[in-house]
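User: I am new to reading protein models and would like a close look at one part. Please walk me through the salt bridges and the pieces of chain that they join.

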Amino acid sequence: MKILLIGGQGQVGFQLQRSLACLGELHTTTRQSLDLADITAIRETIHAVQPDLIVNAAAYTAVDKAEQETKLAQKINAIAPAVMAEEANNLSVPMVHFSTDYVFDGSKASPWVETDATGPLSHYGLTKLEGEQAIVATGCDHLIFRTSWVYDRRGHNFLNTMLRLAEEREQLNIVDDQIGTPTWSRHIADVTAQALAQAHNDDAFWKQNSGVYHLSAAGQTSWKGFAEAIFQIAEADGRRVPEVTGIPTAEYPTPAKRPLNSCMDNTKLKRHFGLQLPDWQVSLQWVLQS
């Protein structure tokens with residue numbers, strides 16, 4: 001199988017390079033080699049590769065900056081996936097795409113399921129939802145995985161920000177009324193590859209499984225709880241850690257509004273593929289102690 005991986009240097013894309021390599025011949029693009037704001041370039045790349053599968057791991061993920069760079073965020077998060085899906089449909093090949101828990105408004109008391117009504121609070125969330133809808137509208141075979149609070153030891157994310165601030169400050173104020181699930185990018189990539197492996201020699205796979213899935217670790221926490229877990233492991237390793245104080249979202253205003261509850265239910269993922277991720281705290285220990 002010839003796989004076109006778009007966005008191979010992002011947090012999830014980098015891990016997908018390893019996870020997808022065993023499934024076939026991998027062709028990877030990066031931000032430098034493919035401008036996702038250039039529709040013509042996207043089409044030309046797909047035509048040149050003639051893939052059997054398109055995997056889009058690229059996205060505009062600067063949540064606050066997206067409130068100002070609205071057109072660019074829409075091009076990358078909504079228009080680009082739409083073009084990829086159109087080309088996938090023209091080639092009669094499937095597509096995998098990654099979305100976000102920020103498509104929800106955070107008002108639900110329990111974890112969100114795939115059939116819940118969406119209602120993004122930010123332009124980032126809106127453009128990611130538009131990307132989902134555009135893929136579905138083309139009619140191509142697809143897997144759309146909504147992920148949550150993604151982190152890794154490389155790249156710009158909450159984990160690395162906390163480890164950096166721990167070296168710089170003695171005290172941190174962290175929001176404690178936003179609830180979600182930190183999810184390691186490697187586990188997202190591994191689950192994706194394992195789901196795709198099930199498509200081999202199964203002619204009915206895409207007909208039975210095309211759709212939207214929630215893909216996040218088990219459990220839940222607040223940003224304050226996430227920070228405290230990071231510092232607990234770091235302190236056990238002899239690192240300097242700051243004191244953490246919880247604050248409400250109202251005391252930490254940001255350009256983009258975040259959902260207060262973005263926890264997602266992963267039952268559908270387990271039911272269709274027999275796959276589930278470990279608890280977020282277990283994953284965090286693996287990342288920091290490996």
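Analyst: Here is a tour of the salt bridges, one pair at a time.

This is a predicted model, in which local features need pLDDT of at least 70 and side-chain atom pairs count only at pLDDT 80 or more, while totals for chains, interfaces and linings use all residues. Residues are numbered from 1 along each chain as its sequence is written, and side-chain values use heavy atoms, with hydrogens and water left out.

The structure holds eight salt bridges. The term stands for a side-chain nitrogen of Lys or Arg within 4 Å of a carboxyl oxygen of Asp or Glu. Let's visit three of them.

Start with aspartate 190 and arginine 18, whose side chains meet at 3.0 Å, N to O. This pair links distant parts of the chain, 172 residues apart: aspartate 190 sits in helix α6 and arginine 18 in helix α1 (residues 11-20). Helices (H or I, at least four residues) and strands (E, at least two) are DSSP runs, numbered from the N terminus. Arginine 18 is partly exposed at 42% relative accessibility; buried means under 20% relative accessible area, exposed over 50%, and partly exposed in between (1.4 Å probe, protein chains only).

Stay with helix α6 for a moment. Its buried residues are Ser185, His187, Ile188, Ala189, Val191, Thr192, Ala193, Ala195 and Leu196. The helix covers residues 185-197, and the 18 Å between its end C-alpha atoms agrees with the 18 Å expected for 13 residues. That expected span is 1.5 Å times one less than the number of residues.

Next come glutamate 86 and arginine 43, which meet in a salt bridge at 2.9 Å, N to O. Glutamate 86 belongs to helix α3 (residues 70-91) and arginine 43 to helix α2 (residues 39-49), so the pair ties together parts 43 residues apart in sequence. Glutamate 86 is partly exposed at 33%, and arginine 43 is partly exposed at 26%.

The third pair is aspartate 64 and arginine 258, with 2.5 Å from N to O. Here aspartate 64 lies in the loop between β3 and α3, and arginine 258 in the loop between β12 (243-247) and α9 (267-273), 194 residues away. Aspartate 64 is partly exposed, at 21% relative accessible area, whereas arginine 258 is buried, at 18%. Finally, salt bridges that share partners join Arg43, Glu86 and Glu87 into one network.
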